[in-house]
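Visitor: I'd like a close look at how aromatic rings can meet in a protein like this one. Could you start there, and then carry on to the places around it?

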Amino acid sequence: MSGIAENLEEIRKRVIAACTRAGRSLSEVELIAVSKTFPAEALRETVELGQRVFGESRLQEAESKMDLLPDSLHWHFIGGVQRNKVRRILSRFEVVHAIDSLRLASYADGVAAELGLFPKVFIQVNVGAEASKGGFEPDQIREEIDALLALERLEIQGLMCIPPAAPDAESARPWFVALRTLRDDLEQSAGVPLPALSMGMSGDFEVAIEEGATHVRVGSSIFGKRTYRVDGELG
Ligand SMILES: *Cc1c(COP(=O)(O)O)cnc(C)c1O
């Protein structure tokens, strides 16, 4: 097996173990293989092992890989969304993880109507209130959730976060708890289910699963170290 195949098997085992510890079913957790910066051949190795869900954060790069890979794959756009790319993103991706303002959401809703789509989206929350990161601050999402839910086309799955950089996985736990608690509050106040939580990356996905993640976004632990940065990526 190549390094990638071994890595994927290892990550799957760790996902299963985290579900077992948390008393959760494996079917509640989607492993998104974050393949940004890696070539189509690298993705293909994981497709051969049954991986179907991929996360990308740069549109053009993703589109060229999509053209080389089977149509049966599921693509999640996990990067920051620029307005002028909304149309292409909604056309090619099944799920968008980082809707970071009401303004962007309204715009995307209009584009979705023109395209005849009902896209699945996550609302990004800036849990650490960091100036360098996008997303709704917790107080802001509390105020704007009703307006977001009133949009006719966007199917809001739940919340997504990229917590502040932490020295170890355990330090990320309070941020994951905060996102889950915020989700619970919003469900209560808005009276609608927001079942999904997109949280956890290579360094902390097990802790995220323990705290309720339904989508974990794992890149470098599967594909290896990235050798160049992607727009909008964290340092
Ligand atoms: C790159 C990226 C990931 C994956 O990060 P790794 O540490 O490589 O697992 C997850 N989420 C987002 C939003 C990313 O940009």
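Guide: Let's begin with a term: two rings of Phe, Tyr or Trp count as an aromatic pair if their centres lie within 6.5 Å, and the pair is called stacked when the planes are under 30 degrees apart. Keep in mind that the model you see is predicted. It holds three aromatic pairs. One of them joins F38 and F223, with 5.4 Å from centre to centre and 25° between the planes. That angle is under 30 degrees, so this pair is stacked. The two partners come from distant parts of the chain, 185 residues apart. F38 sits in the loop between β1 and α2 (40-47), while F223 belongs to helix α9, which covers residues 220-223.

Now let's turn to the ligand. Its shell includes V34, K36 and I78, then I162, M201 and S202, and finally R217, V218, G219, S220 and R226. Sorted by class, that shell has five nonpolar, three polar and three charged residues. Three contacts deserve a closer look. A polar side-chain atom of S202 is 2.5 Å from an oxygen atom of the ligand. From S220, a backbone N or O atom lies 2.8 Å from a ligand oxygen. R226 uses its side chain, where an N or O atom is 2.8 Å from an oxygen atom of the ligand. Of the 390 Å² of accessible area that the ligand has on its own, the protein covers 92%.

Next come the empty spaces. Rolling a probe the size of a water molecule over the atoms reveals where such space is left. The second largest pocket has a volume of about 310 Å³. It is lined by 16 residues, and V15, L26, V29, E30 and L31 are the closest to its centre. Two elements give two or more residues to this lining: α1 (3-22) and β1 (30-34). The largest share, four residues, comes from α1. As for class, you will find six nonpolar, five polar and five charged residues in the lining of this pocket.

Last on our tour is an enclosed space. The count gives one cavity of 30 Å³ or more, and the largest cavity has a volume of about 50 Å³. Around this cavity you can pick out V81, V86, I89, L90, V96, I99, L104, A108 and V121. Helix α4 (86-92), strand β4 (95-99) and helix α5 (102-115) each supply at least two of the lining residues, and α4 makes the largest share with three. The cavity lining has nine nonpolar residues, no polar ones and no charged ones. The pocket lining, by contrast, includes five charged residues.

Methods:
Residues are numbered from 1 along each chain as its sequence is written. This is a predicted model: local features need pLDDT of at least 70, side-chain atom pairs count only at pLDDT 80 or more; totals for chains, interfaces and linings use all residues. Side-chain values use heavy atoms; hydrogens and water are left out. On a 1 Å grid over the protein atoms alone, a cavity is a set of points where a 1.4 Å probe fits but cannot get out, and a pocket is an open set with protein on both sides within 12 Å along at least five of seven lines; lining residues have an atom within 4 Å of a point. Grid points are joined across faces, edges and corners, and a volume is the space filled by probe spheres set on the points. Ala, Val, Leu, Ile, Met, Phe, Trp, Tyr, Cys and Pro count as nonpolar, Asp, Glu, Lys and Arg as charged, and the others, Gly among them, as polar. A residue is near a molecule or strand if one of its heavy atoms lies within 4 Å of it. A polar contact is a pair of N or O atoms within 3.5 Å; within protein, one must be able to donate a hydrogen and the other to accept it, and residues adjacent in sequence count only if both atoms are side-chain atoms. Accessible areas come from the Shrake-Rupley method with a 1.4 Å probe; for residues, only the protein chains shown count as cover. Rings of Phe, Tyr and Trp (its six-membered ring) pair if their centres lie within 6.5 Å; planes under 30 degrees apart count as stacked, over 60 as edge-to-face and the rest as tilted.
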